[in-house]
Amino acid sequence: QTHCFGMYVLVREERGNGFPVWRQLGGERWLYSDKNGRWNVGSNTVREKRFDCSAGFIYSPAPHKGKMPHEMQEWRRWDDQDNKWAKDFDITVASEYNDEEEMALPR
């Protein structure tokens, strides 16, 4: 899911299910809280749905219960070859700022 990699910036005027939303800098991906309380990286389609969905290319399977994306331990990606979700220990999300809502960086 290399199309999901990169820097994400906080979009202050938007919320996804009551939580912060980040937009991929120079891309078309969104890091948001889905309607099941999990962090996802999705396409512009999720934004068009106002984040009222559970769709994405990458997600953290555990409900976040208010934790920010960089605090989540496990991430999964869609594996097109096996046609299923796969744990991926190489996916990380890091905060570039002390203000955890300011910026997140999936890599």
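## The β1–β2 hairpin

β1 and β2 are joined as a hairpin with two residues between them, and N17 in the turn has a positive phi of about 55°. The model is a predicted one, in which local features need pLDDT of at least 70, side-chain atom pairs count only at pLDDT 80 or more, and totals for chains, interfaces and linings use all residues. Residues are numbered from 1 along each chain as its sequence is written, and side-chain values use heavy atoms, with hydrogens and water left out.

Strand β1 covers residues 8-16 and strand β2 residues 19-24; the two run antiparallel and are joined by five bridges. Strands count as paired if DSSP finds at least two bridges between them. L10 has W22 in β2 as its bridge partner.

## From β2 to β3

β2 also pairs with strand β3 (residues 30-33), in the antiparallel sense and over two bridges. Here W22 is bridged to L31 in β3. W22 thus appears in both pairings, as partner of L10 and of L31. The hairpin of β2 and β3 has five residues between the strands, and G26 takes a positive phi near 75°.

## Overall make-up

The protein has one helix and nine strands. Both kinds of element are DSSP runs numbered from the N terminus: helices are H or I with at least four residues, strands E with at least two. Their order from the N terminus is β-β-β-β-α-β-β-β-β-β.

Of the 107 residues, 40% are buried, meaning under 20% relative accessible area (exposed is over 50%, partly exposed in between; 1.4 Å probe, protein chains only). The accessible surface is about 6200 Å², with 42% of it belonging to carbon and sulfur atoms; areas come from the Shrake-Rupley method with a 1.4 Å probe, and for residues only the protein chains shown count as cover. Among contacts (heavy atoms within 4.5 Å), those with a separation of 6 or more include 33% between residues 24 or more positions apart.

## Two buried residues

G42 belongs to strand β4 (residues 39-42) and is buried, with a relative accessible area of 0%. Leaving aside neighbours within four places in sequence, G42 is in contact with E28, R29, W30, Y32, A55, G56 and F57. Its C-alpha atom is separated by 8.7 Å from that of Y59, 17 residues apart along the chain.

S60 is found in the loop between β5 (58-59) and β6 (76-79). S60 counts as buried because its relative accessibility is 1%. Beyond its neighbours within four places in sequence, S60 is in contact with R38, W39, M72, E74 and W75.
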